[in-house]
Amino acid sequence: FDIVHDHCGFTALAMADRLDTPLLHTLHGPFTTQTATFYEHHAQKAWVAGISEAQLAMGPANLRSVGAIPNPIAVDSWPFRRTDDGYLLWIGRMTPDKGPHRAIEIARAAGQDIILAGVVQPGQRAFFERHVEPLIDGRSVRFVGEVGGTRKKQLFAGARALLVPIRWPEPFGMVIIESLVCGTPVLAFDEGAAAELIDDGVTGFIVADEEAMVAALRSLDRIDPSACRGWVEEHCDVGVVAGAYEMAYRRVMRAAAGAPVGARLSVRQLVAP
């Protein structure tokens, strides 16, 4: 093999110095005190790819990085709509950091209906029963549980906007590009990678708090659904991401051969002819 591309977590990176083949390790989760210590210890054994610049910025300084390459999405397999069915959408894990309770309060303050979707996982039941379930009335606030496949795509495509009132440094945010690819704008707090995935004022809005998100909902008519989908096509479509990784592979192989690799590149630079 020319290269090993690892998505499996810690083991392959820790063992990478036992391979004759160079290894590229994609970082998928956020850095914590414990994981940052691990990566600092093993940093010289392989190269890493981040899924956002925000994620990489939280990592140890000695990481050998090819840069940030976003998670991919098959654009053509997702529906696109210029019109909506009038509801706001929140979708994710039922945790305080993800902010389903904040999304409900934002929708209520704006006088708009909201649909919440997501599984209540073990350990999340108490939060859900105390802070979310009492706000669900089946009319203006609806909870549809875990969704996938066609139903999930329909929810994104029919929404007026996706609300992402997160309060944690999310390293990517797949729901953001799933919403945008359907032509549905996204409103998010300025946390983690949100500002890298949302072109503020063009595909949605980056805001500071709940009050600002309510105000931003009044400006949704400024957002062109085609711009939302076009951004995803340019940055996250499968072909774009695959091309970026192919260039990253070549960079890691040159490094393994002792050739200079140059400065870290952006995705656009990685896929340029």
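Modeller: Two strands pair if DSSP finds at least two bridges between them; strands (E, at least two residues) and helices (H or I, at least four) are DSSP runs, numbered from the N terminus. The model is predicted, so local features need pLDDT of at least 70 and side-chain atom pairs count only at pLDDT 80 or more, whereas totals for chains, interfaces and linings use all residues. Residues are numbered from 1 along each chain as its sequence is written, and side-chain values use heavy atoms, with hydrogens and water left out.

Biologist: In what order do the six strands of the open sheet stand?

Modeller: The strands of this open sheet pair in the parallel sense. Its edges are β7 (141-143) and β10 (204-207), each with a single partner strand, so one side of each has no neighbour in the sheet. Read across, the order is β7-β6-β5-β8-β9-β10.

Biologist: What is the average twist from one strand to the next?

Modeller: The sheet in question is the open one of six strands. Angles run from 0 to 180 degrees between N-to-C directions, with axes fitted to C-alpha atoms, for helices over the stretch in contact. The twist from strand to strand averages 20 degrees.

Biologist: Which residue of β7 stands opposite I114?

Modeller: Strand β6 (residues 114-117) runs parallel to β7, and three bridges join the two. Opposite I114 in β7 stands V141.

Biologist: Which residue of β9 is the bridge partner of L163?

Modeller: β8 (159-164) pairs in the parallel sense with β5 over three bridges, where Y87 has A159 as its partner in β8. β8 also pairs with β9 in the parallel sense over three bridges. There, the partner of L163 is L187.

Biologist: How many of the six residues of β8 are buried?

Modeller: Buried means under 20% relative accessible area, exposed over 50%, and partly exposed in between, with a 1.4 Å probe and protein chains only. By that criterion β8 is mostly covered, and the number of its buried residues is five.

Biologist: At what angle does α4 run to β6?

Modeller: Helix α4 lies across β5 (87-91), β6, β7, β8 and β9 (186-189). Helix α9 (residues 210-217) lies across β5, β8, β9 and β10, at about 165 degrees to β9. For α4 and β6, the angle is about 170 degrees.

Biologist: Which residues of α5 make the contact with α4?

Modeller: The axes of α4 (residues 100-110) and α5 (residues 125-132) come within 10 Å and cross at roughly 15 degrees. That makes the two helices roughly parallel, a class for angles under 35 degrees, with over 145 roughly antiparallel, 65 to 115 roughly perpendicular and the rest oblique. Contact means heavy atoms within 4.5 Å. On the α4 side it involves P100, H101 and I104, and on the α5 side F127, H131 and V132.

Biologist: What is the relative accessible area of S179?

Modeller: S179 belongs to helix α7 (residues 174-181). Leaving aside neighbours within four places in sequence, S179 contacts F156, L162, T184, P185 and V186. S179 is buried, its relative accessible area being 0%.

Biologist: What distance separates the C-alpha atoms of Q154 and W78?

Modeller: Q154 lies in helix α6, whose buried residues are L155, F156, A157 and G158. Those buried residues pack against β5, β6, β8 and α7, whereas Q154 is partly exposed at 46% relative accessible area. Q154 and W78 are 76 residues apart along the chain, and their C-alpha atoms are separated by 9.1 Å.
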